[in-house]
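Trainee: I'd like to learn how to read a protein model piece by piece. Could you walk me through one?

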Amino acid sequence: MTHTIGIVMNGVTGRMGLNQHLRRSIHAIMRQGGVKISDSEVIMPKPLLVGRNAVKLAAIAKECGDLEFSTDLDAALSDKSYSIYFDAQTTDRRADAVKKAIAAGKHIYCEKPIADRLDVALELYRLAKDAGVKHGVVQDKLWLPGLLKLKTLMDLGFFGQIQSVRGEFGYWVFEGDTVPSQRPSWNYRKEDGGGIIIDMLCHWRYVLDHLFGKVKAVSCLGATHVPFRVDEAGKKYACTADDSAYATFELETGVVAHFNSSWCVRVRRDDLLILQVDGSKGSAVAGLRDCWIQPYAATPRPIWNPDVPQPLNFFEGWQKVPEQDQFDNAFKRQWELFLRHVMKDEPFPWDLLEAAKGVQLAEAGIESWRKRAWVDLTPL
């Protein structure tokens, strides 16, 4: 038995919507024969691509097997053969489109952040709940192989009492004048929904909440280190959004977490994202795919002496966690869970309320930066 689920996919001409959600998730699921429920039952997605550029849509649709596409969102939402609405547009366009989709009775699955203000995010949650539609938000980092290995270590009690979490995220994004930029220009314009605080603190909220403890308070300093960049048309523009964030989080579990997020940093670490977890019995460093551990018994005993060369090679004291499982694309794994949630009513806790919590933390981070003070988070 094949259950076909129609999905209106809005924003697939953008980098994230195209690469992670269409090519590596929905189209990959179609190529593998759907989401297997049992030996005799599968879920097969049927996407309808929506966007503003018909030429780009036509090329993408052809690449993925002559998919249906449209530049008319209202017409797509009125089509009863599509029961899910997915949004990967820029943040400033998302809320209005999601409201339309909820009014049309569609189940909702969204990229984060779902809005640039907490009141709007909570409104979307309430509208979806009152309409009785199923809803979810992308929280892809929970399915990264490195973080899954970290979670296994936690479940095994490897760390003992966890004391702190330190995250380093980012890389150098070229300004676009001499070397082409790797990210779209809207990311660096506040008026277009850009800003690394609203982008990344939504991620850190669900990572911290689901792995280490609920976030209780935040102290955040933002910065715009690069004042001017060059857009896709070769035109110089002023950067009005923050491109770096330095945030400390107090968790209800007593764990202290600190994350540096920056588009203005050159990488000298194991990966673009690194989480170091330190506990009473051991420590671990997790990247996107790999994880290294150092138990208490293998911890070196360094002595401070700047007058002699460092005798220890600190990297040699870490053991790489072996590959004990196979890991699929993180976005694809969550897509499969959401499709099962819609078709088979299986649990899916990563809903629009979880999405609102991410917006809450980003909003608190911006408030902290403005006030130069700690900001407490109220339970949602």
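Trainee: Let's begin with helix 5: why does the distance between its end C-alpha atoms agree with its number of residues?

Mentor: Keep in mind as we go that this is a predicted model. Helix 5 covers residues 118–131, which is 14 residues, and at 1.5 Å a residue it should span 20 Å. Its end C-alpha atoms are 20 Å apart, so the two values agree.

Trainee: Which residues of helix 5 are buried?

Mentor: Here's the general idea to start with. An α-helix has 3.6 residues a turn, so residues three or four places apart point the same way. In this case, the buried ones are Leu-118, Val-120, Ala-121, Leu-122, Leu-124, Tyr-125 and Ala-128.

Trainee: And what do the buried residues of helix 5 pack against?

Mentor: They have three partners to look for: helix 4 (91–103), strand 7 (135–137) and helix 9. Also look just past the end of helix 5, where Gly-132 has a positive phi of about 75 degrees.

Trainee: Okay, on to strands. How should I read the pairing around strand 3?

Mentor: The general idea is simple. Strands of a sheet pair through backbone hydrogen bonds, either parallel or antiparallel. Now take strand 3, residues 41–50: it pairs in the parallel sense with strand 1 (residues 2–10) over nine bridges. To find your way, spot Thr-4, which stands opposite Met-44 in strand 3.

Trainee: Which way does strand 2 run relative to strand 3, parallel or antiparallel?

Mentor: Antiparallel, with three bridges joining strand 2 (residues 35–38) to strand 3. A hairpin connects the two through two residues, and Val-35 stands opposite Ile-43. Strand 4 (residues 68–70) pairs with strand 3 too, in the parallel sense over three bridges. There, Leu-48 faces Glu-68 of strand 4.

Trainee: How many residues of strand 3 are buried?

Mentor: Eight of its 10, so to speak of it as mostly covered is fair.

Trainee: What is the order of strands in the open sheet of nine strands?

Mentor: Read it as 17-16-15-14-8-13-12-9-18, with mixed pairing. Strand 17 (319–320) and strand 18 (375–376) stand at the edges with a single partner strand each, so one side of each has no neighbour in the sheet. Further in, four bridges join strand 14 to strand 15 (residues 282–286), and these two run antiparallel. One partner to find in strand 15 is Ala-286, which is bridged to Leu-275.

Trainee: Now for empty space. How much of it lies in the second largest pocket?

Mentor: About 470 Å³. It is lined by 15 residues, and the closest to its centre are Asp-270, Ile-274, Gln-276, Val-285 and Phe-315. Strand 8 (162–170), strand 13 (256–262) and strand 14 (273–279) each supply at least two lining residues, and strand 8 gives the most, with three. By class, the lining of this pocket has six nonpolar, four polar and five charged residues.

Trainee: What is the volume of the largest cavity?

Mentor: A cavity is closed off, as a probe that fits inside cannot get out. The count here is one cavity of 30 Å³ or more, and the largest cavity has a volume of about 50 Å³. Its lining includes Lys-112, Cys-202, Tyr-206 and Gly-358.

Trainee: Which helices each supply at least two residues of that cavity's lining?

Mentor: Helix 7 (196–211) and helix 9 (352–371). By class, the lining of the largest cavity has four nonpolar, two polar and three charged residues.

Notes: Residues numbered from 1 in each chain as written. Predicted model: local features only at pLDDT ≥ 70, side-chain atom pairs only at ≥ 80, totals over all residues. Heavy atoms only, no water. 1 Å grid on protein atoms, 1.4 Å probe; cavity = no way out; pocket = protein on both sides within 12 Å on 5 of 7 lines; lining within 4 Å. Points joined across faces, edges and corners; volume = space filled by probe spheres on them. Nonpolar A, V, L, I, M, F, W, Y, C, P; charged D, E, K, R; others polar. Expected span 1.5 Å × (residues − 1). Buried < 20%, exposed > 50% of the residue type's maximum accessible area, 1.4 Å probe, protein only. Contact = heavy atoms within 4.5 Å. Pairing = 2+ DSSP bridges.
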